[in-house]
Structure formats: C-alpha cells, structure tokens
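Visitor: Hi, I'm new to this one. Could you walk me through it?
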Amino acid sequence: MGETEKELLGRCLAGDNAAFGGLVDAYQDRLYSFALRLLKDPAAAEEAAQAAFVKAFRALPSYNIAQPFAPWLFRIAHNACMDALRAGGRTVSMDHEDFPDLPDRAPAMDDSLADALDAERIEALLASLPAIYSEALLLQYREDLGPAEIARVMGVPEGTVKARLFRGRELIKARLRGAGATV
Amino acid sequence: MNMRTGNTDQAIAAAIAALPLRSPSAGFKGRVLAAIAAQAAARERLGWALQAAGALTASWAALVGLAAAGPVAGFLADYAPLALEPGGLGQALRLLGARAALAAGRLPEAFGFLADLAGLLPGLPPVYEIGAAVLATAAVVRALGAPVRAAQKI
C-alpha cells in the first residue's frame, strides 16, 4: 500500500525532496484538469500545473501540516492560472461581477434538459462561463471543497464564493433553457 | 424551494462531479522534478556566488587593514614614547588637538562645493511652486499609466 498524503508531506517537510514525487503523482491529474478547464489550452494548462508544483515545493516550509493540503495546493494553482490568463492578455474581473443574460424570472425548466447533462455538455457549458464562475463550480463539485476552502483558494470572501456558485448555476440553467428553446 | 430548481442544481452538481480527469502529457512528473532540481541548483550556485562575494569583501578588508597598518604603526611609534613619559600624556593629547585643529581649518575647503550649491537656491522657484508642479506631473503620469479597468470576463 502506498504512503498516505500526510506521510509524504511529513517526509517532504523533513527535507526528503524525493517524497515530493509522490505528491505530484497524487495531484497531477487533478491540477492539470483544473488548469485545463480554466485556461482551455493544454500547453498553457501543463505549464501552469508545472509552475504550481514548483512553487508549492518552494513554499512547502510555510505549509502548516495541520491544514488540508488540497486547498493550499489549489490556491497556488489558482494563482498560476490567473498569471497565465493575464499573460495571455485576458483579464479576470474581480470587482464588477455582473450577472449577464439572466431574466429576472426564469421560466420553469424541463427536467429532461437537466437529465441530459452528460460530460461533454457540462464541459462545454463550463467552458462558456466566465472563469470566476466555472472555477468556483469546479472547486465545489469536482474537487469537493467547501465555500470556506474555495474562498481561501480564490482569495475572496466566503459570501462572494456563494454568490459565484449561485450565479454560475443560474448561468448554466439559462444556457440550458436557451438550448431547449431552440430545439 | 422550487423542486425543479433543486433537481436541476443536483443534476448540475452531479454532472460536474462526474467530469473525467485529464492527464498531462507523458513525462510531466519528470519535468516537474527536473524544474525543482534546476531551481535547487540555481539556489546553490547563488549561495556559492554570495560566499565568493563575502570572501572577496573579507580579503579586501584585510588588504585595507594591512595597508593601513603602516601609518597606524607610525602613528603609535610617534605618540607612544611621548605618552609614556611623565606628563607626556597631556602633551600627546595637545599634539593631537593641534593636528585636529589643522584638519578643521581645511573643512571650509571641503564644504566649498556645498556652499556653491546653496548659492543656487535663491534662483530656484518657491517651494509651493515646485510642490504644485510635482503634484501635477504625478497626476498626469497616473492618468496616462493607470490600467483601464475592464469588466471583461473570461
């Protein structure tokens, strides 16, 4: 049986650099998938994931082993992705969170539309959302982090995270309704 | 809560949770570990460079000390016998005072340059005009250099 995350972290913190390879093994797919869904570019995602691991290794001495590791690592990955987005000439609006394209009173939704949410469709819907919403949704549902942990990852207040989750879901529903109306 | 809304939220949550994980290209872990090793090597090189700079500074200090040892020894050779004589200490101190006064006499020459600079002050505009000009310039630079705040979403 392989070592647990805590054991690997303990070895890393004790100065055993080789143990970091085990952490890369454990997190590389999650971090890369997260970066890929935000950046929508495999090369940029790989670069961001690599930068996140390298920064994490360098910052390990400041990591508190009593805290969960995943939010700490995803916080670094979040920063790497934001750097990549800015380097690509895109900006992430943090203070003007509009709520575009949503009617005040949305019509009831056909359950069959929600039932038809397969991986390909939800992937496309997430890709169509502004990064601040897709990131919050991915961290909540794909990475199973709570609002407080997501707040630490994204560097925003918990209330903002809840608003982003709500708005992200509403945007997906609006787009599903739009797609349903055109059928 | 609207039952349908709840169902849809659950469907969205379940669909996102079931998203497949993607894998980076082959050799990703190796590249990460190589990048970490390269950084460690760079830090080690920096450490060596700092140590070399420290050694160079220490050598330079030793050289300066060595070069200064001659005059210091000469100074001590002049004053030590004098100070050892009865009442010689006061005489040595008076001699030192005379030397200090001689050096002080040269101070006006050393401050001549500063005095020349001070002579330029009356020709300058008043302080409040300079302050206003600095503020106006800073405001223009800020206005031109401030990033345009865009509500663009990614």
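What follows is a chat about the two chains and how some of their helices pack.

Guide: Sure. This is a predicted model, so local features need pLDDT of at least 70 and side-chain atom pairs count only at pLDDT 80 or more, while totals for chains, interfaces and linings use all residues. Residues are numbered from 1 along each chain as its sequence is written, and chains are lettered from A and ligands numbered from 1 in the order in which they are written.

Visitor: Okay, how many helices and strands does chain A have?
Guide: Chain A has nine helices and zero strands. Helices (H or I, at least four residues) and strands (E, at least two) are DSSP runs, numbered from the N terminus. From the N terminus on, the pattern reads α-α-α-α-α-α-α-α-α.

Visitor: And chain B?
Guide: Chain B comes to six helices and zero strands, in the order α-α-α-α-α-α.

Visitor: What share of each chain is buried?
Guide: In chain A, 37% of the 183 residues are buried. For chain B, 5% of the 154 residues count as buried. A residue is buried if 20 or more other C-beta atoms lie within 10 Å of its own, exposed if 12 or fewer, and partly exposed in between, with C-beta atoms placed from the backbone.

Visitor: Which residues are buried in helix 3 of chain A?
Guide: Among them are A:Ala45, A:Ala49, A:Phe53 and A:Phe57. A:Glu46 and A:Gln50 are buried there too.

Visitor: What covers them?
Guide: The cover includes helix 2 and helix 4 (69-87) of chain A, together with helix 2 (28-84) of chain B.

Visitor: How far does that helix reach?
Guide: Helix 3 of chain A has 18 residues and reaches 25 Å from its first C-alpha to its last, close to the 26 Å expected at 1.5 Å a residue. The expected span is 1.5 Å times one less than the number of residues.

Visitor: What about helix 3 of chain B, what span should it have?
Guide: Helix 3 (residues 88-105) of chain B has 18 residues and should span 26 Å, and its end C-alpha atoms are 26 Å apart, which agrees. This helix is hardly covered, as the count of buried residues among its 18 residues is zero.

Visitor: Back to the chain A and chain B pair. At what angle do helix 3 of chain A and helix 2 of chain B pack?
Guide: The angle is about 45 degrees, with the axes 10 Å apart. That makes helix 3 of chain A oblique to helix 2 of chain B. Angles under 35 degrees count as roughly parallel, over 145 as roughly antiparallel, 65 to 115 as roughly perpendicular and the rest as oblique. Axes are lines fitted to C-alpha atoms, for helices over the stretch in contact, and angles run from 0 to 180 degrees between N-to-C directions.

Visitor: Which residues meet there?
Guide: A:Glu46, A:Gln50, A:Phe53, A:Val54, A:Phe57 and A:Arg58 meet B:Phe28, B:Arg31, B:Val32, B:Ala35, B:Ile36 and B:Gln39. By class, the contact divides into seven nonpolar, two polar and three charged residues. Two residues are in contact if their C-beta atoms, placed from the backbone, lie within 7 Å. Ala, Val, Leu, Ile, Met, Phe, Trp, Tyr, Cys and Pro count as nonpolar, Asp, Glu, Lys and Arg as charged, and the others, Gly among them, as polar.

Visitor: Now inside chain A. How do helix 2 and helix 7 cross?
Guide: Helix 2 (residues 20-39) and helix 7 (residues 131-142) of chain A have axes that come within 10 Å and cross at roughly 155 degrees. That makes helix 2 of chain A roughly antiparallel to helix 7 of chain A. The contact is made by A:Phe34, A:Arg37 and A:Leu38 of helix 2 and A:Ala131, A:Ser134, A:Glu135 and A:Leu138 of helix 7. Those residues divide into four nonpolar, one polar and two charged.

Visitor: Any odd backbone spots?
Guide: A:Lys40 has a positive phi of about 60 degrees although it is not a glycine. A:Lys40 is in the loop between helix 2 and helix 3 (42-59) of chain A, and with 14 C-beta neighbours inside 10 Å it counts as partly exposed. A:Asp144, also not a glycine, has a positive phi near 60 degrees.

Visitor: Is A:Asp144 buried or exposed?
Guide: A:Asp144 is exposed, with 10 other C-beta atoms within 10 Å. A:Asp144 lies in the loop between helix 7 and helix 8 (147-154) of chain A.
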